[in-house]
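Reader: Please put the model in front of us, and then explain which criteria stand behind the words that are used for it.

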Amino acid sequence: MLSWPAPLLPTLPGTGPVLKVHDTSRGEVVATSPGSTARMYVCGITPYDATHLGHAATYLAFDLVNRVWRDAGHAVHYVQNVTDIDDPLLERADRDSEDWIVLGMRETALFREDMTALRVLPPEDYVGAVESIPRIVAHIEDLLTDGLAYVLDDGTGDIYHDVSQAPGFGAESRYDEATMLGFFAERGGDPDRAGKRQPLDPMLWRGERPGEPSWPGPRGQAGRPGWHIECATIALDTIGMGFDVQGGGSDLVFPHHEYSAVHAEALTATKPFARAYVHAAMIGLDGEKMSKSRGNLVFVSRLRGDGVDPMAIRLALLSGHYRTDRAWTADLLSAAEERLALWQRAVALGSGAPAAPLLAGLRERLSDDLDSPGAIALVDDWAARTLAGDPEAEDEAPRIVCDAIDALLGVALDSCPRASALGDRG
Ligand code: ZN
């Protein structure tokens, strides 16, 4: 699939430190240790509606991972999927009497526009579920052959993974069985389905149903793939096992990331799927999690259409820590707009407070589990000192600060000295 255009990424003097992030499977902040190329998989959208601020916050968190790694001298192989066939897409298309393919293409295009406007670095591989079906089917065939999956004996052709044969099951979320059962029922699973070997067995393949699209499947059974095997397959096809970060929203801790890992580990008879499982918290509105089912969504495209600067949206979302559930409010946005204006005024001056301590501070804060609020506070402090007329002001400082804010926080300021805008730094 077509990704989106990459924003210019300024090169900064020196290199940043090792990135530490919170790994759900270990329950603590751990140092990442990528090789020359860091590998990251972040679960993408199901394109049946526009990008809301909860999505945006998640992709911005992993954009910081990408930026901190690159600043530390790593190349980054970033992969994201598009779940361009799944129940919610078909249900929305049916509700609106629209072709599901047209709906998916339109919403994916809008997502690309939103990511471009927010200056999110694009994935190297942006892969759809539909284009991956032949590989997914081959993987399910392998699991059936190895006796790790089974066809349900009710004529539907549905195929499940037998988790009793998955020794790593539970390692990612570390949830007990009751918690797993609760989330499984709540988030698209079918613990009470008759004929399954275990209530927590996840669906790998949904046999063909009347009126639903289908593709040739395992053992000649037409149908469509389950969601977790889709991500396991795309990750294995692109970055392989043992990649550095599996990312997504905290609502993917279970079941999605648990099962993606279990599928991939069963397919390869190796572990781990990912070396760290990193989860971004939820964005709320009016005291509730922002979600489709509650209908309380604020869309990035709507804000852009209303003339809101995407850099203010970016700053507003990054002003909270990625692991803290937080609310979107009008005040949050206006505070970000004021902050952006303040930063613009500071970098537009002919000189500014020394840049080197700020650059070091930004690197230190962001590499420490993506402390974006701490990083933003340092820029606020630099801007305040610059606007107050710092006695140690340096002519080069505004340009270096512009590059640092752009490269590390992804916030481009249009009042920066021109040399920075051209990206001609060595
Ligand atoms: Zn996924």
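Author: I begin with empty space: on a 1 Å grid over the protein atoms alone, a cavity is a set of points where a 1.4 Å probe fits but cannot get out, whereas a pocket is an open set with protein on both sides within 12 Å along at least five of seven lines, and a residue belongs to the lining if it has an atom within 4 Å of a point. The model is a predicted one, in which local features need pLDDT of at least 70 and side-chain atom pairs count only at pLDDT 80 or more, while totals for chains, interfaces and linings use all residues. Residues are numbered from 1 along each chain as its sequence is written, and side-chain values use heavy atoms, with hydrogens and water left out.

Reader: Which residues line the second largest cavity, and how much space lies in it?

Author: The lining consists of Gly 16, Pro 17, Val 68, Asp 71, Ala 72, Leu 362, Arg 363, Leu 366 and Leu 408. Two elements, α1 and α11 (355-367), give two or more residues each, where helices (H or I, at least four residues) and strands (E, at least two) are DSSP runs numbered from the N terminus. The largest share, three residues, comes from α11. About 40 Å³ of space lies in this cavity, a volume being the space filled by probe spheres set on grid points that are joined across faces, edges and corners.

Reader: How many cavities does a search of the whole structure find, and what lines the largest cavity?

Author: The search finds two cavities of 30 Å³ or more, and the largest cavity holds about 50 Å³. Among the residues that line the largest cavity are Ala 57, Leu 60, Leu 317, Tyr 322 and Arg 326, and α1 supplies the largest share, four residues. By class, the lining of the largest cavity divides into eight nonpolar, two polar and one charged, with Ala, Val, Leu, Ile, Met, Phe, Trp, Tyr, Cys and Pro counted as nonpolar, Asp, Glu, Lys and Arg as charged, and the others, Gly among them, as polar.

Reader: What makes up the lining of the largest pocket, by class and by element?

Author: The largest pocket has a volume of about 1,600 Å³, and of the 49 residues that line the pocket, Thr 46, Tyr 48, Pro 88, Arg 187 and Trp 227 are the closest to its centre. Elements that give two or more residues to this lining include α1 (53-71), α5 (177-186), β10 and α7, while α2 gives the most, five residues. The lining divides into 17 nonpolar, 15 polar and 17 charged residues.

Reader: How do you know which residues coordinate the zinc ion?

Author: Donors are N, O and S atoms within 2.8 Å of the metal (3.2 Å for Na, K and Ca), and water is not among the atoms, so sites may look incomplete. Cys 43 (SG), Cys 231 (SG) and His 256 (NE2) coordinate the zinc ion at 2.0 to 2.1 Å, and these distances fall within the 2.8 Å limit. The spacing of the donor residues in sequence is C-x187-C-x24-H. Since Cys 231 lies in helix α6 (residues 227-238) and His 256 in helix α7, the pair ties together parts that are 25 residues apart in sequence.

Reader: Why is Ser 97 called buried or exposed, and which of these words fits Tyr 160?

Author: Buried means under 20% relative accessible area, exposed over 50%, and partly exposed in between (1.4 Å probe, protein chains only). Ser 97 has 69% relative accessibility and therefore counts as exposed, whereas Tyr 160, at 0%, is buried. Ser 97 also has a positive phi of about 50° although it is not a glycine, and Ala 269 has one of about 55°. Ala 269 is exposed as well, with a relative accessible area of 70%.

Reader: What makes β10 and β11 a pair, and which hand does the crossover between them have?

Author: Two strands pair if DSSP finds at least two bridges between them, and four bridges join β10 (residues 245-249) to β11, which run parallel. Gly 249 stands opposite Ala 280 in β11. The chain crosses from β10 through helix α7 (residues 253-268) to β11, and this β-α-β crossover is right-handed, meaning that, with the strands pointing away from the viewer, the path from the first strand over the helix to the second runs clockwise.

Reader: Which peptide bond involving Pro 255 is cis?

Author: The bond that joins Phe 254 and Pro 255 is cis, with omega about 5°, and Pro 255 is found in helix α7. The bond from Lys 271 to Pro 272 is cis too, with omega near 0°.
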